[in-house]
Amino acid sequence: MFACLHGSGALTALALEFSPVVEATGAGTVAFDVSGLDRLFGHPQDLAAAIARRAAEVQVKANLSLADNPDAAICAARGFSGVHVIPRGDEGKFLGELPLDLLRPSAELRDTLERWGIRRFRDLAALAPLGIAERLGPEGLRLRERARGEAERKLVPVEEPARFEDAIEPEYPVDLLCPLEFLLARLLNGLATRLATRGLATDELRLRLGLETGATHERTLRLPVPSLDSKAMLKLMRLDLEAHPPPAPVVHVWLGTRPVHPRAAQGGLYAPMAPEPVKLELTLARIRMVVGDGRVGTPELLDTHRPDAFRMTEFGAARKAAQPPIQARLALRRFRPPRRARVEIASGKPGFVTAEGIRGRVLDLAGPWRTSGDWWTAEPWSRDEWDIALSDGALYRIYCEPKGWFVEGNYD
Amino acid sequence: MGAAALREQFDSFLGGPLDWRARPLPDTVPSGIAEILLPRGGLVEIVGPASSGRTSLLLSILAAAGARQEACALVDAEDAFDPGSAAAAGVRLERLLWVRCGHNAEHALKAADLLIQGGGFGLAILDLGDTPPATARRISLTSWFRLRRAVEHTPAVLVTVARQSLASACASLVLECGRECAAWSGAAPPSRLLRGMRARATSTHGSRTCSPVFTVAAL
């Protein structure tokens, strides 16, 4: 079974959503092989309805016909408007009324047929093949076969597009997120369907918004694992745009995806629990909306002696390390930023400490431990550290640097 | 046949008397400190004043969860977590999701709720250890019930750290920490050193009681 679309719009993209074998037959005409789709859609009428529905969704205006061979489908789509399904064996009868020009014969052949008074498919189909072979040669025979709807041939498939991207221009500048979300949903659904038909997924979404001011607003979303979940992607995109809204009304929306192979991994029966990646990404996006960017992730210690040196990395992206030895260690609870303190010195040692929420006499102490580093950079540091037990019952780490005294945290 | 005979026959068939009223014990996970077991699907509170060993116990729990290959989440209301201390205690930082709430308990509660509802973490921690008690007490009991319900019937453990118990009846286990002594060595500065601390964690909730003493060494 073959289908043909004849009209305007993204015909090839639409055809590729249904079949990998698509032929760009001519300007405004594509034919594609829909064999086997009856198992998905049922009767050819149901398949035709599904294609027509999708065409309406992606704003393709085209005639659609389904037939047992590609040429019959092409002729029907070019000759009849609307949706038609040609029953098997009735091709000749169905196409009989169509003008011969649809078969696009050579100029010489068309003149000959015109002189004979043959103007429609049924006139040519009624002629004896032997007589046509004698008078018109092989071209005439091929033309007769096509007029009878009996021409069998293979489609010449088009190259699959390497890029998966789509764009849309709203009728008026969009300045609210809600209508923009509708446009994004349409683009995302189309791209997800196109990826799915090729057995692909995506791990990166690139959004480019053309603004009324002439500027562009670009956002890139990376997914932790390849996915085709357009709903989750839309939610992620909405959360990202809520956090980074376009500065002006949007007049053009372009969305691109990076096609990758989907992750094929089976979870172990006894594997420890772990968050589902796409769901976790959504959760983290929501948390970032609450606590702010750069405040959610995995801490990674930096290779330096500078106190409190770490950076935040994406959760799950950090390199897996060997299990470090587990041992009970005295933990430091840091004050961020360190609390500025007033320290009374007695006999060259801290004697009384006052800071925000902290006030007490020093009962016991150890120090000072002098540390310094990065003196070869623009941000050198040096300090004298003390571990102290205060009369308020807690153990603190304080330090003195050129800017003054600070409480770094308490041991807990 | 009388009821007593029937019961005897039934018990002999089962291999011993059966306490029908006894509830099955919850599945537990080790905390890294002997005697302290944490109930899966439960809310565990670690309470105590500053320098009572709460955070050291917390790091021990995190390290044990990391050794079980579980993903852990730490919602840090006051931004007090020290990755250096955690790494020294054996915490697998690459398995830890750290949410820094910048001194906002309300944000911390929201973040914890989102994480727990999302599921997938073996250990979720809400650290309100430095949050002023007046602020922490404003968290309604409904919020605690919601968090408790979210972890119930899941293999996750929810641990909260605070100065005093906040979840009250919602908590499956409350561990009250207290410092016994700080260990110093050396006579006087500069040869004097803070060597560590001895702390006691006392269970003050539930039918099972324990009060193990644990020692933590300084870095």
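Hi everyone, let's start with a strand pair in chain A: E6(A) and strand E9, residues 250-260 of chain A, pair in the antiparallel sense over five bridges. If you want one contact to click on, A:Ala167 has A:Trp254 as its bridge partner in E9(A). Before I go on, please keep in mind that this is a predicted model. Its scores are ipTM 0.86 and pTM 0.72. For chain B, the pLDDT averages 87, and 92% of the residues score at least 70.

Back to that strand pair. Which sheet does it belong to? The pair sits in an open sheet of four strands in chain A, in the order E6-E9-E7-E8, with antiparallel pairing. Strand E6 (164-168) and strand E8 (216-227) of chain A stand at the edges with a single partner strand each, so one side of each has no neighbour in the sheet. On average, neighbouring strands of this sheet are turned by 15° against each other, direction ignored.

Now let's add the helices. Helix H9, residues 177-197 of chain A, lies across E6, strand E7 (201-211) and E9 of chain A, and runs at about 25° to E9(A). Helix H10, residues 230-243 of chain A, lies across E7 and E8 of chain A, running at about 140° to E8(A).

How do H9(A) and H10(A) cross? Their axes come within 10 Å and cross at roughly 145°, and the crossing is right-handed. On the H9(A) side, the contact includes A:Leu177, A:Leu184, A:Ala185 and A:Leu188. Facing them from H10(A) are residues including A:Met233, A:Leu234, A:Met237 and A:Leu241. By class, this contact has nine nonpolar, two polar and three charged residues.

H10(A) has another helix to meet, and that is H11(A). The axes of H10(A) and H11(A) come within 10 Å and cross at roughly 15°. That makes H10(A) roughly parallel to H11(A). The crossing of H10(A) and H11(A) is left-handed. From H10(A), the residues in contact include A:Lys235, A:Leu236, A:Leu239 and A:Asp240. From H11(A), they include A:Val278, A:Leu282, A:Arg286 and A:Met289. Which classes make up the contact of H10(A) with H11(A)? By class, there are eight nonpolar, no polar and six charged residues. A:Glu242 in H10(A) is worth a click, since this residue is listed in the contact with H11(A) and also in the contact with H9(A).

Let's move along chain A to the barrel. Here six strands form a closed barrel that runs E12-E13-E14-E15-E16-E17, with antiparallel pairing. The twist averages 45° from one strand to the next. Within the barrel, E14(A) and E15(A) pair in the antiparallel sense over nine bridges. A marker for that pair is A:Thr371, whose bridge partner in E15(A) is A:Arg383.

Next, where does chain A touch chain B? In total, 53 residues of chain A are in contact with 65 residues of chain B. Several elements of chain A each supply at least two residues to that side: helix H11 (277-291), strand E10 (296-301), strand E12 (332-346), strand E14 (358-373), strand E15 (381-390) and strand E17 (404-411). Which of them gives the most? That is H11(A), with seven residues. So the helix that packs on H10(A) is also the top contributor to the side touching chain B. The residues on this side of chain A divide into 29 nonpolar, nine polar and 15 charged. The two chains also share strand pairing: two bridges join E10(A) to strand E5, residues 96-100 of chain B, and these strands run antiparallel. In E5(B), the bridge partner of A:Gly297 is B:Trp98.

Last stop, inside chain B. The axes of helix H4 (residues 105-118) and helix H6 (residues 141-151) of chain B come within 9 Å and cross at roughly 20°. H4(B) and H6(B) are therefore roughly parallel to each other, and their crossing is left-handed. Among the residues that meet here are B:Leu109, B:Ala112 and B:Ile116 in H4(B), with B:Leu147, B:Ala150 and B:Val151 in H6(B). By class, the contact has six nonpolar, two polar and two charged residues.

That's my tour, thanks for listening!

Notes
Residues numbered from 1 in each chain as written. Chains lettered and ligands numbered in written order. Predicted model: local features only at pLDDT ≥ 70, side-chain atom pairs only at ≥ 80, totals over all residues. pLDDT = per-residue confidence, 0-100. Axes fitted to C-alpha atoms, helices over the stretch in contact; angles between N-to-C directions. Parallel < 35°, antiparallel > 145°, perpendicular 65-115°, else oblique. Left-handed = near helix turned anticlockwise from the far one by under 90°. Contact = placed C-beta atoms within 7 Å. Nonpolar A, V, L, I, M, F, W, Y, C, P; charged D, E, K, R; others polar. Pairing = 2+ DSSP bridges.
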